[in-house]
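This report covers two sheets, one pocket and one cavity. Keep the structure open alongside the text.

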Amino acid sequence: MDKLADMALFASIVRNQSLAGAGREMGLSPATVTARLQALESRYGIKLLQRTTRHLSLTDSGHLYHQACLEILASVQETENLLQTGSKEVRGNLKISAPRDIGKQYIAPLINDFAHKYPDVTPYLYLGDNLTNLAESGLDIVIRYGELADSSLISRKLASSRRVLCATPEYLRRKGTPTCPSDLANHDCLAMIRSNEELKNWHFEDDAQHNIVTVVPTRYSDDGEVIRQWALCGAGIALKSWLDVQEDLKHQRLVTVLDGYMKNFNASTSAAGADLNVVYMSRQYQPKRLQLFLDFLLQRFEKDFPR
């Protein structure tokens with residue numbers, strides 16, 4: 001029995017979210033993949049995956065096994081690199097996910113600089129504003145706004161931020177400037193879609209009073225960059241992270257409204273609820289490339305956004 005091969009196969013199943021996809025990646029028939037997964041679960045006497053015709057999800061034991069697989073496979077790759085080169089060269093794949101707007105403005109140029117410094121590391125940058133299950137995604141690092149819900153992961157703050165309502169000066173001249181949250185009912189609002197949920201219930205705090213305003217958006221997108229571009233075109237008022245629009249605010253392409261209120265997409269009123277964080281798996285062993293990238297990322301943000 002080849003336990004390392006089984007680990008590679010299991011990691012491929014989780015990464016592809018499909019037995020058939022793992023089979024294509026590993027050059028195995030679907031029947032062989034199914035038989036090996038069943039043998040793996042039988043060997044340990046536990047269920048690793050919950051399977052339906054359309055979805056795969058990790059059980060609690062599956063989460064533990066998957067994390068161990070990633071650590072061990074990464075360790076083997078590092079050892080092979082050491083044996084093949086005779087030195088501790090930094091090489092291998094590095095998979096990173098970030099929101100589209102912050103990803104294009106900040107993370108993509110940062111990765112470019114990192115890649116020049118470590119040319120044998122191959123970065124993968126996935127851009128998207130939906131939340132990601134890190135354990136099942138095969139990603140090394142996820143960069144996201146907001147507080148961490150999963151205590152099994154490590155989260156480190158990259159930069160402080162906050163939510164702001166913003167629009168162009170031209171739009172506000174045309175439609176008027178809201179003076180309280182309820183005024184938004186008379187405005188064109190630009191709303192995000194996240195995991196198929198329309199984020200049109202905007203939450204406000206003022207003197208410890210919590211209010212929810214259900215806006216009637218004129219446009220929706222699941223892409224934060226699109227929301228920002230629509231706002232810049234004068235299409236309406238957007239609820240954005242300050243980091244995404246700071247340059248637009250600095251040059252007065254956009255201006256903020258309702259500044260006296262704490263704003264968010266949900267009921268969280270924590271000051272950290274809109275901070276930008278880097279999230280990664282809690283591992284005793286981390287590949288050198290991941291350690292170096294985390295250091296590079298944290299140092300760059302500390303330089304650009306000193307706390």
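Two strands count as paired if DSSP finds at least two bridges between them. The model shown here is predicted.

**The five-stranded sheet**

On that basis, an open sheet of 5 strands emerges, in the order β4-β3-β5-β16-β6. Its pairing is mixed. The edges are taken by β4 (121-127) and β6 (153-159), and each of them pairs on one side only. Ignoring direction, neighbouring strands of this sheet are turned against each other by 20 degrees on average.

Which helix packs on this sheet? Helix α5, residues 100-117, does so. Helix α5 touches β3 (92-98), β4, β5 and β16. The direction of α5 makes about 175 degrees with that of β4.

Inside the sheet, look at the pair β5 and β16. Strand β5 spans residues 141-145 and strand β16 spans residues 276-281. The two run antiparallel and are joined by 4 bridges. V142 stands opposite V279 in β16.

**The three-stranded sheet**

A second open sheet to inspect has 3 strands, in the order β11-β10-β15. Here the pairing is antiparallel. Why is one side of β11 and of β15 left without a neighbour in the sheet? Both β11 (209-214) and β15 (262-264) stand at the edges and have a single partner strand each, so one side of each has no neighbour in the sheet. Neighbouring strands are turned by 20 degrees against each other on average, with direction ignored.

Strand β10 covers residues 201-206. Strands β10 and β11 pair in the antiparallel sense over 6 bridges. One bridge sets D206 against its partner Q209 in β11.

**The second largest pocket**

About 530 Å³ of space lies in the second largest pocket. Its lining counts 19 residues. Which of them lie nearest the centre? They are R15, L70, L73, Q77 and R289.

Three elements give two or more residues each to this lining: α1 (3-16), α4 (60-85) and β3. Helix α4 supplies the largest share, 6 residues. Strand β3 thus appears twice in this report, as a member of the five-stranded sheet and as a contributor to the pocket lining. The lining of the second largest pocket also draws on two domains. Domain 1 (3-85) and domain 2 (92-160 + 275-304) each provide at least three residues.

**The second largest cavity**

How many cavities of 30 Å³ or more does the structure hold? There are 2. The second largest has a volume of about 30 Å³. D6, L9, F10, I13, R36, L37 and L40 line this cavity. Two or more residues come from each of α1 and α3 (30-44). Helix α1 gives the most, with 4 residues. Helix α1 also gives two or more residues to the lining of the second largest pocket.

**Lining classes**

The table sets out the two linings by residue class.

| Site | Volume | Nonpolar | Polar | Charged |
|---|---|---|---|---|
| Second largest pocket | about 530 Å³ | 10 residues | 3 residues | 6 residues |
| Second largest cavity | about 30 Å³ | 5 residues | no residues | 2 residues |

Methods
Residues are numbered from 1 along each chain as its sequence is written. This is a predicted model: local features need pLDDT of at least 70, side-chain atom pairs count only at pLDDT 80 or more; totals for chains, interfaces and linings use all residues. Side-chain values use heavy atoms; hydrogens and water are left out. Axes are lines fitted to C-alpha atoms, for helices over the stretch in contact, and angles run from 0 to 180 degrees between N-to-C directions. Contact means heavy atoms within 4.5 Å. On a 1 Å grid over the protein atoms alone, a cavity is a set of points where a 1.4 Å probe fits but cannot get out, and a pocket is an open set with protein on both sides within 12 Å along at least five of seven lines; lining residues have an atom within 4 Å of a point. Grid points are joined across faces, edges and corners, and a volume is the space filled by probe spheres set on the points. Ala, Val, Leu, Ile, Met, Phe, Trp, Tyr, Cys and Pro count as nonpolar, Asp, Glu, Lys and Arg as charged, and the others, Gly among them, as polar. Domain bounds come from an automatic or database domain assignment.
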